[in-house]
Amino acid sequence: MIYNGHDFKNILRDELISRSFLPGVNVSTVEVPGRHGSLFADAKLDPLAITVAVRLIPGFRSNYGFSYEEARRKIAGMLFSRKPSKLILRDDPTRHYYAILSGESQIEKLLGTGQSSLTFICPEPIAIGNERNITLGEGTTSFHLDGTAPSFPVLRLSASAEEMKVTCGDKYILPNIKLSQGDAVEIDCATERVTVNGNTVGVSLFSDYFEVEPDVTTIKVEGGSGYLVVSERWY
């Protein structure tokens, strides 16, 4: 287990990792007067809970040269974080979550070692896989993205005309500014922000930030070229 930049392999053994197929699905409906039942409105995932049963590795004294109590305090410092931090688990080493330890983590001392159960909460219940850098020439580019959940790309482009337009499916982004040759344009679809040479700029009235769905995606760039950064995401 690696959490918040700390690798626990020499001091804790993760013996059992438990997570559900999906966190709770929160279904919203709207009642319509005079009609039976209700109309579907939306469905969203609740935060994900991951439980990890751990045991102090019996050799921690020889590995680190400190007592059981010193080990407990060292582990406590490694586990505490004030914000969701990167969590990589042994059973899925190519993907990670952003999680925070929740609740009490009681430790049971037994024969010179100790065992406990750690509960991590992932406010965004999505596992993040490989990050991809995809070259975007002027015109149309198609690429394949693995995963099961949509991703929010970041596009880093260099302007070649006074106007730049990026289209994906039926959505497009058109920065509301006159560009110069070579201007650095960054479009962040997660934060819904566009910058030109580091300065935030507006977009046209009908611009709409887009997600990249798993499988094949086609993006069209007019008035520039560069690359796209996107991560595989998994439910």
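A residue is called buried when its relative accessible area is under 20%, exposed when it is over 50%, and partly exposed in between, using a 1.4 Å probe and protein chains only. With that in hand, let's work through the model.

Residues are numbered from 1 along each chain as its sequence is written. The model is predicted, so local features need pLDDT of at least 70, side-chain atom pairs count only at pLDDT 80 or more, totals for chains, interfaces and linings use all residues, and side-chain values use heavy atoms, with hydrogens and water left out.

**Exercise 1. Two residues with an unusual phi**

Task: find where Glu192 lies, and decide whether Glu192 is buried or exposed.

Solution.
- Step 1: place the residue. Glu192 belongs to the loop between strand E16 (184-188) and E17. Strands here are DSSP runs of E, at least two residues long, numbered from the N terminus.
- Step 2: apply the cut-offs. Glu192 counts as exposed because its relative accessibility is 52%.
- Step 3: look at the backbone. Most residues other than glycine have a negative phi. Glu192 is not a glycine, yet its phi is positive, about 55 degrees.
- Step 4: turn to another such residue. Asp215, also not a glycine, has a positive phi of about 90 degrees. Asp215 sits in strand E19 (residues 215-222), and with a relative accessible area of 45% it is partly exposed.

**Exercise 2. The six-stranded sheet**

Task: work out which strands stand at the edges of the six-stranded sheet, and why one side of each has no neighbour there.

Solution.
- Step 1: write down the order. The open sheet of six strands runs E11-E20-E13-E16-E17-E18, and the pairing is antiparallel. Two strands pair if DSSP finds at least two bridges between them.
- Step 2: read off the ends. Strand E11 (127-136) and strand E18 (199-201) each have a single partner strand, so one side of each is left without a neighbour in the sheet.
- Step 3: add the twist, which averages 20 degrees from one strand to the next. For such angles, axes are lines fitted to C-alpha atoms, and the angles run from 0 to 180 degrees between N-to-C directions.
- Step 4: zoom in on one pair. Strand E17 (residues 193-196) is joined to E18 by three bridges, with the two running antiparallel. Within this pair, Val194 faces Val201 in E18.

**Exercise 3. The four-stranded sheet and Thr141**

Task: describe the sheet that holds E12, then find what Thr141 touches.

Solution.
- Step 1: the open sheet of four strands has the order E12-E19-E14-E15, again with antiparallel pairing.
- Step 2: E12 and strand E15 (171-173) are the edge strands; each has a single partner strand, so one side of each lacks a neighbour in the sheet.
- Step 3: here the twist averages 20 degrees from one strand to the next.
- Step 4: seven bridges link E12 and E19 in the antiparallel sense, and Thr140 stands opposite Lys220 in E19.
- Step 5: Thr141 is part of strand E12 (residues 139-145). Thr141 counts as buried because its relative accessibility is 15%.
- Step 6: leaving out residues up to four places away in sequence, Thr141 touches Thr135, Leu136, Thr217, Thr218 and Ile219. Contact means heavy atoms within 4.5 Å.

**Exercise 4. Two loop residues**

Task: say whether His96 and Glu211 are buried, exposed or partly exposed, and list their contacts.

Solution.
- Step 1: His96 is in the loop between strand E7 (85-88) and strand E8 (97-102). At 12% relative accessibility, His96 counts as buried.
- Step 2: beyond its neighbours within four places in sequence, His96 contacts Lys86, Leu87, Ile88, Ile126, Ala127 and Ile128.
- Step 3: Glu211 lies in the loop between E18 and E19. Its relative accessible area is 35%, so Glu211 is partly exposed.
- Step 4: not counting residues up to four places away in sequence, Glu211 touches Pro150, Ser151, Phe152, Pro153 and Cys168.
- Step 5: compare sequence with space. Glu211 and Ala149 are 62 residues apart in sequence and 9.8 Å apart in space, C-alpha to C-alpha.

**Exercise 5. Charges over rings**

Task: which ring does the charged end of Arg95 sit over, and which does Lys165 lie over?

Solution.
- Step 1: recall the test. NZ of Lys or CZ of Arg must be within 6 Å of the ring centre and within 35 degrees of the ring normal.
- Step 2: the charged end of Arg95 is over the ring of Trp234, 4.4 Å from its centre.
- Step 3: Lys165 lies over the face of Tyr172, at 4.5 Å from the ring centre.
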